[in-house]
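Today I look at how a protein and DNA meet. I want to know which parts of the protein face each strand.

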Protein chains: 2
Amino acid sequence: MDAREILKQHIAKTATLTDEEFDHVFSHFARHSFKKGQAIISAGDKAEHEYFVLEGCLKSFYINDDLKMFILQFAMPTWWASDFDALYSGARATINVDCITDAEVLSLHNTDREKLCREIHQMEHFFRWRTNRGYVAAQKRLLSLMNNDARHRYEELLQMYPQLYNIVPKNLIAAYLGVSRETLSRLYQHGK
Amino acid sequence: MDAREILKQHIAKTATLTDEEFDHVFSHFARHSFKKGQAIISAGDKAEHEYFVLEGCLKSFYINDDLKMFILQFAMPTWWASDFDALYSGARATINVDCITDAEVLSLHNTDREKLCREIHQMEHFFRWRTNRGYVAAQKRLLSLMNNDARHRYEELLQMYPQLYNIVPKNLIAAYLGVSRETLSRLYQHGK
DNA sequence: GTGTTTATGTGATGCAGGTCACTTTGAGAC
DNA sequence: GTCTCAAAGTGACCTGCATCACATAAACAC
C-alpha cells in the first residue's frame with residue numbers, strides 16, 4: 001500500500017474528508033527515507049515538522065546531563081513523532097527523534113498543520129483526537145510509573161505492543177520503562 | 001468577575017468567538033457549588049461531564065488495589081478536570097475527582113462538547129489546544145518522574161505552582177509526586 | 001575474513017525511598 | 001470550651017533498583 005493510501009485510511013478513522021480535501025491535505029506532506037540510527041530531530045534544532053511513520057520504527061527521547069537516555073515514545077507505522085513541546089511553542093528542541101530501524105516517513109510542517117486545521121474543520125477534528133489519545137496514554141503511563149514496579153511495567157508494555165519485543169533492543173526498552181538495563185536483564189534470569 | 005466572564009476570557013486566549021457564538025457556547029455550561037471533600041466523579045460512575053474550575057481547587061486521582069492514592073492533577077481556577085479517558089471512550093470512570101477546598105465549577109456534558117466542536121470550528125480549535133498543553137505537560141512530568149529524585153520533583157512543583165503550598169496538604173503533594181508522605185516530610189527535616 | 005562497536009548477562013555493593021509504628025499538632029464538629 | 005479525626009514529624013528497619021565492574025555474544029564496518 002502506498003503512502004497516500006496509508007495516510008488516507010489513517011485519517012479516515014477519525015475524520016471525514018472528500019477526495020479533493022484529502023488531495024489538498026496530502027500535498028502538504030513530504031516523503032523521506034531514513035537509515036537505521038539516523039537522527040531526524042536533535043536537541044537544539046528548531047523542531048519544525050512532525051513525522052508520520054509509514055514503515056520502520058522511530059524513538060523520541062530525552063538525554064539528561066549525565067547522558068542517560070529516557071524514551072518518551074516508540075513510533076511504529078501510523079504513529080506520529082516529534083518534539084511536540086518545541087513544535088507548538090516554537091522553542092528549540094529538547095527531545096531527539098531518531099530511527100531504530102530503516103524507516104519511511106511523511107513529514108508535515110508545523111505551519112502547514114495549522115494552515116490545514118484552519119482551512120478544513122475536519123482536520124482540526126483529526127488533530128484534536130490524535131492529541132486526545134496521546135494525552136490519555138501519557139496519563140496512564142504516569143499512573144503505571146507511580147503505581148507499578150519494573151516487572152509489571154515490562155509485562156504491560158509487551159502485552160500492549162508485542163511487536164516491540166522483536167524490533168527494539170532491551171536497553172531501549174529499559175530506557176522506556178525507566179529502569180536500568182541491568183535491572184531489566186535480571187527480571188527474567190533463571191526463567192522468571 | 002462572574003462565571004461567564006471568566007470562561008469568556010479563558011477561551012479568548014486560544015480561540016476567537018463572536019459574542020453570539022460565546023453566548024451559544026456558554027448556554028451549554030451549568031454552574032455548581034461543591035463543598036470541601038465532596039466527590040464530583042467517583043470510580044465506577046459514568047463520566048459524562050468535564051469541569052471548568054471558577055474558584056477553589058479540585059484533584060483528580062486514582063486509587064489502587066491497596067487503597068493507595070495517586071494524584072493525576074490539581075485543578076485550580078481556569079483549569080479543567082475530569083476522567084478524560086472514560087469521558088472520551090464512554091467507559092466507566094477509573095479516576096476520581098473531588099474537592100480539596102470549597103469550589104465553584106462549570107460543567108460541560110461530553111455530548112455538548114462534541115456538538116460545540118462540530119458547530120463552531122473555533123471551539124474545536126480551542127479544545128485541540130487545551131489538550132495539546134495537557135499532553136505536553138504530561139510528557140514533561142513523565143520525564144521528570146524518570147529522571148529526577150523526590151526532592152527535585154518537589155521543588156519543581158512548588159516553583160511551577162507556588163499557590164499549592166498554602167492550599168494543598170503535604171500528603172496530597174506526596175501522592176502527586178509519587179513518594180510516600182513520610183519521605184516528603186523527611187526531605188526538609190532539620191532545615192534542608 | 002578481522003577488528004570494533006553495541007547489546008546482553010551477572011556478581012557485588014550501596015542507597016533512595018518504602019513500610020510500620022508511634023507521637024505531636026492542628027482543624028472541625030458539637 | 002472538649003472531643004475526634006486528619007495532617008504531619010520521626011525513628012527503625014527493609015527492599016527494589018542503581019551503579020560499577022567485568023564477561024560474553026552478536027552486529028557491523030572494512
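I count a residue as near a strand if one of its heavy atoms lies within 4 Å of it. I also note that this is a predicted model.

Entry 1, DNA strand C. I looked up which helix gives the most to the surface near DNA strand C. Helix 9 of chain A does, with 4 residues. Helix 8 (170-177) of chain A and helix 9 of chain B each supply at least two residues as well. I find 18 residues around DNA strand C, and K170(A), R181(A), R186(A), S180(B) and T183(B) come nearest. By class, I list 3 nonpolar, 6 polar and 9 charged residues.

Entry 2, atoms of DNA strand C. Sugar or phosphate holds 46% of the strand's atoms within 4 Å of the protein, and the rest belong to bases. I checked one base contact: a side-chain N or O atom of E182(B) is 3.3 Å from a base nitrogen. I also checked the backbone of A150(B), where an N or O atom lies 3.0 Å from a phosphate oxygen.

Entry 3, DNA strand D. Which helix supplies the largest share of the surface here? I find helix 9 of chain B, with 4 residues. 18 residues surround DNA strand D, and S180(A), T183(A), K170(B), R181(B) and R186(B) are the closest. Sugar and phosphate account for 51% of the strand's atoms within 4 Å of the protein.

Entry 4, phosphates of DNA strand D. I find a polar side-chain atom of S180(A) 2.9 Å from a phosphate oxygen. For S185(B), a polar side-chain atom lies 3.3 Å from a phosphate oxygen.

Terms used:
Residues are numbered from 1 along each chain as its sequence is written. Chains are lettered from A and ligands numbered from 1 in the order in which they are written. This is a predicted model: local features need pLDDT of at least 70, side-chain atom pairs count only at pLDDT 80 or more; totals for chains, interfaces and linings use all residues. Side-chain values use heavy atoms; hydrogens and water are left out. A polar contact is a pair of N or O atoms within 3.5 Å; within protein, one must be able to donate a hydrogen and the other to accept it, and residues adjacent in sequence count only if both atoms are side-chain atoms. Ala, Val, Leu, Ile, Met, Phe, Trp, Tyr, Cys and Pro count as nonpolar, Asp, Glu, Lys and Arg as charged, and the others, Gly among them, as polar.
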